[in-house]
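Here are a few exercises to work through with the structure open in your viewer. Have a go at each task before you read the solution.

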Amino acid sequence: MAVEVCVKAAVGAPDVLGDCPFSQRVLLTLEEKKVTYKKHLINVSDKPKWFLEVNPEGKVPVINFGDKWIPDSDVIVGIIEEKYPNPSLIAPPEYASVGSKIFPTFVSFLKSKDSSDGTEQALLDELKALEEHLKAHGPYANGQNVCSVDMSLAPKLYHLEVALGHFKKWSVPESLSHVRNYMKLLFERESFQNTKAEEKYVIAGWAPKV
């Protein structure tokens, strides 16, 4: 039986892949491992009855390997790694938290109305830490090959680039050349191209929160 995965549909376009970075993380992992899967697009503002019956919390992503629906992207990618060990996406434990504070600091800066509140600097500090890591260990988080850290960071960095570019005319400074190259490498991967939301849907997803 094929793997089935439920992910967010685009806002206002229920037949198009939506802008959930946690959904994309799961799809990226499946794509990198060349796992055949069936994708269900869930309209999160009008969830189908069958979806709520199998997944009462109604959250996406959820995955089914043949027996039950499993939520939580952290749990899901761990199970994918166990079931499909090749190619390995396991990251060394000491790299597990690389870039992990970028997304919350990005969200704070995106929502900020006060340019002197420190949110931009907090994001820059996290990006500088990623820059130092990539300078020492790049081009990906764990060297030459992608790993689970990259699968988690790629969608979040895409949201950062699209949303901050649109709402704040802000982009990652050119001085952070390793981060910029990292983003370029990730966004060019076939797995990313196959699983990314269109920019207009990323913008539409953030618009009510900004």
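**Exercise 1.** How many residues of domain 1 are in contact with how many residues of domain 2?

*Solution.* Keep in mind that this is a predicted model.
- Step one: get the bounds. The domain assignment splits the chain into domain 1 (3–83) and domain 2 (93–207).
- Step two: look for heavy atoms within 4.5 Å across the two parts. On the domain 1 side you'll find 17 residues, and they touch 19 residues of domain 2.
- Step three: put a distance on it. Over C-alpha atoms, the domain centres sit 22 Å apart.

**Exercise 2.** Work out what area is buried between domain 1 and domain 2, and count the salt bridges there.

*Solution.*
- Start with area: about 1,600 Å² is buried between the two domains, with carbon and sulfur atoms giving 65% of that.
- Now the charges: the count between domain 1 and domain 2 comes to one salt bridge.
- For a salt bridge to look at, pick R189 and E32: their side chains meet at 2.7 Å, N to O, inside the 4 Å cut-off.

**Exercise 3.** Which domains and elements line the largest pocket?

*Solution.*
- Volume: the pocket holds about 380 Å³ of space.
- Lining: 15 residues make it up, and K8, C20, P21, F22 and V60 lie nearest the centre.
- Elements: α1 (21–32) and α9 (199–206) are the ones that give two or more residues each.
- Domains: domain 1 and domain 2 each supply at least three lining residues.
- Chemistry: sort the lining and you get seven nonpolar, three polar and five charged residues.

Note on methods: Residues numbered from 1 in each chain as written. Predicted model: local features only at pLDDT ≥ 70, side-chain atom pairs only at ≥ 80, totals over all residues. Heavy atoms only, no water. 1 Å grid on protein atoms, 1.4 Å probe; cavity = no way out; pocket = protein on both sides within 12 Å on 5 of 7 lines; lining within 4 Å. Points joined across faces, edges and corners; volume = space filled by probe spheres on them. Helix = DSSP H or I, 4+ residues; strand = E, 2+ residues; numbered from the N terminus. Nonpolar A, V, L, I, M, F, W, Y, C, P; charged D, E, K, R; others polar. Domains from an automatic or database assignment. Buried area = accessible area lost by both parts, 1.4 Å probe.
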